Amino acid sequence: DIEKQFGKVVDFEAPLKKDEKTGKNVFADADKPYIEYSGAFQADVPYQLEGWTNSENLTKIDSNILKQKILKEYQKFHRWLQYRDLEEIALSKLNAEAEDAQAFFYDKNTNDEYISSFIKMWGQKGLEMQPIENYKVCIYGDGKIATLIDTIDGGSPLWGNYEVEKNKYKHNTYLLYFHIPKGKKELEVIR
């Protein structure tokens with residue numbers, strides 16, 4: 001129960017009206033085919049996620065230079081995935097993953113499940129990485145986030161196959177988003 005874990009999130013009272021026959025308060029919209037209420041609320045949380053708020057504007061970097069920088073990062077991940085270098089992958093993704101964990105209030109069980117799926121996905125045994133090709137740079141987040149997108153299928157150009165049975169294969173794709181934190185010069189993974 002979310003209220004037991006975090007306290008009251010929203011206090012909403014449905015509109016009531018007096019029933020003409022009984023004089024009791026009843027739900028005012030009970031006779032309508034559907035009901036929709038909307039509103040806004042201020043959520044006070046015990047953390048502040050910086051994300052890409054203070055990141056550099058990547059559109060100010062020459063497009064060819066930016067493409068080479070992102071490709072260089074993808075190539076690092078390609079090598080790490082091929083050789084199952086989970087330590088390097090985890091270190092490179094640490095800040096991004098920590099923000100996710102904080103935003104979603106990971107408890108011990110959720111964190112353990114996440115680590116298990118991370119190891120399975122990023123440390124896939126028998127993974128044969130495929131060449132990084134047929135890609136373009138895509139920029140998001142008001143010019144502060146960039147990635148490579150496969151021009152053929154719109155997915156990530158970072159992918160590999162692994163055998164699940166004799167001559168039967170599956171593949172994993174790895175989409176990465178990068179930013180340059182203000183005051184820094186190099187790309188870093190962002191959630």
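**Figure 1. R84 is partly exposed, with a relative accessibility of 39%.** Here, buried means under 20% relative accessible area, exposed means over 50%, and partly exposed lies in between, using a 1.4 Å probe and protein chains only. The model is predicted, and residues are numbered from 1 along each chain as its sequence is written. Local features need pLDDT of at least 70, side-chain atom pairs count only at pLDDT 80 or more, totals for chains, interfaces and linings use all residues, and side-chain values use heavy atoms, leaving out hydrogens and water. You will find R84 in the loop between α2 (63–82) and α3. Helices (H or I, at least four residues) and strands (E, at least two) are DSSP runs, numbered from the N terminus. The backbone deserves a look too: phi of R84 is near 50°, a positive value in a residue other than glycine.

**Figure 2. Q124 is buried, with a relative accessible area of 14%.** This residue sits in the loop between α4 and β3 (128–129). Which residues does Q124 touch, not counting those up to four places away in sequence? They are R84, I119, Y162, N172 and Y174, where contact means heavy atoms within 4.5 Å. R84 from Figure 1 is thus one of the partners of Q124.

**Figure 3. Helices α2 and α3 pack at an angle of about 140°, with their axes 9 Å apart.** That angle makes α2 oblique to α3. Axes are lines fitted to C-alpha atoms, for helices over the stretch in contact, and angles run from 0 to 180 degrees between N-to-C directions. Angles under 35 degrees count as roughly parallel, over 145 as roughly antiparallel, 65 to 115 as roughly perpendicular, and the rest as oblique. On the α2 side, look for F77, W80 and L81, which meet E88, I89, S92 and K93 of α3. By class, this contact has four nonpolar residues, one polar and two charged. Ala, Val, Leu, Ile, Met, Phe, Trp, Tyr, Cys and Pro count as nonpolar, Asp, Glu, Lys and Arg as charged, and the others, Gly among them, as polar.

**Figure 4. Helix α3 (residues 86–103) crosses helix α4 (residues 108–122) at roughly 130°, and their axes come within 12 Å.** With this angle, α3 is oblique to α4. The crossing is right-handed: the near helix is turned clockwise from the far one by less than a right angle, whereas an anticlockwise turn would be left-handed. From α3, L86, I89, A90, K93 and E97 make the contact, and from α4, Y114, F118, I119 and W122. Seven of these residues are nonpolar, none polar and two charged. Two of the α3 residues, I89 and K93, may look familiar, as they also meet α2.

**Figure 5. D142 has a positive phi of about 55° although it is not a glycine.** Is D142 buried or exposed? At 75% relative accessibility, D142 counts as exposed. Its place is the loop between β4 (135–140) and β5 (145–150).

**Figure 6. Stepping back, the whole chain has four helices and nine strands.** Along the sequence they follow the pattern α-β-β-α-α-α-β-β-β-β-β-β-β. The chain is more spread out than a compact globule, because its radius of gyration is 24 Å, well over the 16 Å that the globule rule gives for 191 residues. That radius is taken over C-alpha atoms, and the rule is 2.2 Å times the number of residues to the power 0.38. Buried residues make up 27% of the 191 residues.
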